[in-house]
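Student: I've got the structure open and I'd like a close look at one part of it. Could you pick a spot and walk me through it slowly?

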Amino acid sequence: MNKAITDGITFLPTAFDAGLAQWSSGDGTPGSDSYAMDPNAAFVPADQDFGGCLELLKSQTIQKLRYMGQTPILPGCYLRITARIKAMSGTLPSVRIAGWAGNAQNAHVGGLTEIGTSVALTDYGAIVEVSAIVGTGDRTGVDMAWGIEPVYGHFGLDLAGPNGGILRIDDLVIEDVTGAFLREMLSFVDVRDFGARGDGVTDDLPAFAAADTAAAGRVVRVPPGTYYLGDSMTFDNRVVFDGQITMPVDKILSLTRDFHLPAYIDAFGDEELAFKKAFQSLLNNSDHESLDLGGRRITVTEPIDMQAALANKTSYATRRHIRNGQFDSKSGAAWDSHIVTSQATYNPSNSDTLINVANIEAIEVGSLVTGHGVGREVYVKQKNNATGKLTLSLPLHDAEGTQTYTFTRFRYMLDFSGFEHLDKFSMSDIEFQCGGDCSAILLPPSGLIFHLRDCFITRPKDRGITSHGTGCQGMLVDRCQFLSDESGTSSQNRVSIALNSNANDIKLRNNRIVHMRHFAVIAGSGSIITGNHFFQGDDATNGIRTPGIILSRTNCRATINGNYIDNCFIEWGNEHDHAPEFNSEFSFSGLSVTDNIFLSSDVAPWFTFLVVTPHGPGHYINGMAVTGNIFRNIHGSINRVEKVDTSHSDLAYDKIKNVTFSDNMFNSVETSVSNPLMLRHEQNTAADVWTVPCAPKLPFGGWAQNVEGIVMNGKIATTSNAAHHGVPYVKAKQGAQNDQILLNWEKPVTGEVTIKVRIDEFQ
């Protein structure tokens, strides 16, 4: 590259034969003395070596010769100043190239090297050539690296040493030698050419900004070195990093044309730091909506505080996405759970708060709370050290008074708990390799539509996805795999849970969950759970099984459809209800369990696939559909598929309404159940009152509350074998367990009837 050719820029100074008025004995600045009237200087028109030249009597300690014209200094351009000189008589001085740096305001730029290497004259008549290179970049071979503040220079030479010598000086030559430094200048712009030093101390931000501006579509190259950037930097052109950069935590590097993790790894040299800085840019730049991890594996040595990485925001509500990579934990103490035991008081009238919490400073937000009367997956949402109060993610069902609680803070690869609110954030095609060291994702305390799809959460120590607030509102988890670190552990001894939710409207679709304690603990309503395969079996004979799905809201409004539910069960309770007794609410309602495959193996006969667990009295089923499912057990049989867990309380069976339990298939299940239940009763002994037992085929041990219809199967005969055409009246809820129906006839008769019985009241 040569600016004289490409841009028509003139670098050559005026020749001496044009007069000496353009040659200064000072710095070359306007108003400085020229050699035009100097008695110690003269133009020699016919020197045998130089032709026309300047003859000069050295009369000052540092005799200066400067061209008064402004030679431009351009970013990325390198100039070589060359002088040829010979001593004629008198003393022999030394000579060097020298200059004066001026900025856009025509002021001197101090602190720069403005002289070249000195060469001593040793013989009369011998031609000595001196040269020096000046440019913006601090490159090898550059004598005067001026950076980008100077925009011009006054160049010439200095004569140093004793006075009295007479010297002749040929016309000075200034030429563009940029090509010697930039072999690929047409494709790349080098930050060193704009003053970057790469020493890790000097703020190279101005040089980076100038290089990016000059690139104009070309690639910016950052050569080897460590470059400190004191503020945020946005590259509008592509950039290639051979060196690394450092910058303050809160400053942002935006690579608008290379926005992917490999570029950030090249820039920062550390995978973990690179991910943080890329995430920071993702949420601070509107030029990109997603971060491609480039298939790279990020070795994670400690929990990544996502809000601290962002640094400048605590809330964000614009769609952003991270995809295509792997996080891999590195074992170490940073993953150890933080456990605190502390006394606190709970009052159900303030259902989401613990007060008078001892040692509250030691308790971390996001900690799991355990203790008497605490349901599963209750977390610390907020804390106030000054008032001694903890805000909980969910109420407690039986904890009134003061007791000692345990607070366990798991460690997560990606920890979003530092945010106040985060909306529309998604991740896809990522593997979280937890290695049994840590958990995967802690959601923010508040937010909408967190979406995880096509991801693997592999071997989490405690949790896959945790919500400690309402950051799970509208959460979607699609086509993900949750692979346990506890496959060799008995089902009842496992501790890992794939996910939990506290807010409403979650969708869990087409996921695969292997050998965890639970698939999902769902405390909200409006859930759609479809197409998942979750299996929790072990090798034990008569093995104990744990629930795969836990619904902890009575009015759950949930659809569980088309799943493969393997060696686990659905539990429906109200363990997160601060007033667990029934009190004019909808009670257990709004659940549809349809077209699922239920499978169990090597379980005890009392195992069931559907369990209702009321934690207080008075509750009843007020809307439930269990239809089109396949229930199967292998290696033995089970008694039935459904039950009520009465550990805390039983149902109010006389209030049950709107239950459909039909069109299911039962394999290796001793008692199949249905509602409405079709029964065939044969009466061989004449009686005017027939007792029809309905147990044990009524779902959930319900009462025989109503009869939808009676059909006589053949002749109803009197004692004289005459046909009886009368119709009996019905008395429901008979017997000690209210599970019998009485058919009252006009007279004693025998025969057979088909009767349709329901456990629920008519609406």
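**A small sheet and the helix on it**

Tutor: Let's start with two strands: E16 and E19 run parallel and are joined by three bridges. Keep in mind that this is a predicted model. You can find one of the facing positions yourself: Val 222 stands opposite Phe 241, which is in E19. Now zoom out a little. These strands belong to an open sheet of three strands in the order E14-E16-E19, and the pairing is parallel. Strands of a sheet pair through backbone hydrogen bonds, and they can do that either parallel or antiparallel. At the edges here stand E14 and strand E19 (239-241), each with a single partner strand, so each has one side left without a neighbour in the sheet. If you ignore direction, neighbouring strands of this sheet are turned by 30 degrees against each other on average.

What packs on this sheet? Helix H2 does, touching E14 and E16, and its direction makes about 150 degrees with that of E16. H2 covers residues 205-215, and Leu 205, Ala 207, Phe 208, Ala 211, Asp 212 and Ala 215 are its buried residues. Why do they end up on the same side of H2? They cover an arc of only 160 degrees around the axis, and that is what puts them on the same side. The cover over these buried residues includes strand E14 (188-190) and strand E16 (219-222), which you've just met, along with strand E15 (199-203), strand E17 (226-228), strand E18 (233-235) and strand E20 (244-246). Just after H2 comes Ala 216, with a positive phi of about 50 degrees.

While you're in this area, look for a charge over a ring: the charged end of Arg 221 sits over the ring of Phe 188, 4.0 Å from its centre. Elsewhere, Lys 86 lies over the face of Phe 50, at 5.0 Å from the ring centre.

Rings also pair with rings, and the structure holds 29 aromatic pairs. Take Trp 100 and Tyr 152: their ring centres are 6.2 Å apart and their planes are at 45 degrees, so the pair is tilted. Trp 100 lies in strand E7 (residues 94-102) and Tyr 152 in strand E11 (residues 152-160), so this pair ties together parts that are 52 residues apart in sequence. Are these two buried or exposed? Trp 100 has a relative accessible area of 9%, so it is buried, and Tyr 152, at 5%, is buried too.

Next, compare that with Trp 572 and Phe 588, an aromatic pair that is edge-to-face, with 5.2 Å centre to centre and 90 degrees between the planes. Trp 572 lies in strand E53 (residues 569-573), while Phe 588 is in the loop between E53 and strand E54 (589-594), so the pair ties together parts that are 16 residues apart in sequence. Both Trp 572 and Phe 588 are buried.

Trp 572 also leads us to another sheet. Its bridge partner in E56 is Val 612. E53 and strand E56 (residues 610-613) run parallel, joined by four bridges. They are part of an open sheet of ten strands, again with parallel pairing, in the order E24-E33-E36-E40-E44-E47-E50-E53-E56-E59. Its edge strands are strand E24 (304-305) and strand E59 (642-644), and each of them pairs on one side only.

Now for a helix residue, Gln 307, which lies in helix H5 (residues 306-310). Gln 307 counts as buried because its relative accessibility is 15%, and the cut-off for buried is under 20%. Leaving out residues up to four places away in sequence, Gln 307 touches Lys 313, Thr 314, Asp 415, Gly 418 and Phe 419. Phe 419 is worth another click: together with Phe 275, Phe 279, Phe 327, Phe 416, Phe 425, Phe 432 and Phe 450, it forms one aromatic cluster.

Last stop: Lys 747, in strand E65 (residues 740-758). With a relative accessible area of 35%, Lys 747 is partly exposed. Not counting neighbours within four places in sequence, Lys 747 is in contact with Ala 687, Asp 688, Thr 718 and His 724. You can also check a distance here: the C-alpha atoms of Lys 747 and Ala 717 are separated by 9.9 Å, and these two residues are 30 residues apart along the chain.

Definitions and conventions: Residues are numbered from 1 along each chain as its sequence is written. This is a predicted model: local features need pLDDT of at least 70, side-chain atom pairs count only at pLDDT 80 or more; totals for chains, interfaces and linings use all residues. Side-chain values use heavy atoms; hydrogens and water are left out. Buried means under 20% relative accessible area, exposed over 50%, partly exposed in between (1.4 Å probe, protein chains only). The arc is that of the directions from the helix axis to the C-beta atoms. Contact means heavy atoms within 4.5 Å. Rings of Phe, Tyr and Trp (its six-membered ring) pair if their centres lie within 6.5 Å; planes under 30 degrees apart count as stacked, over 60 as edge-to-face and the rest as tilted. A charge sits over a ring if NZ of Lys or CZ of Arg is within 6 Å of the ring centre and within 35 degrees of the ring normal. Two strands pair if DSSP finds at least two bridges between them. Axes are lines fitted to C-alpha atoms, for helices over the stretch in contact, and angles run from 0 to 180 degrees between N-to-C directions.
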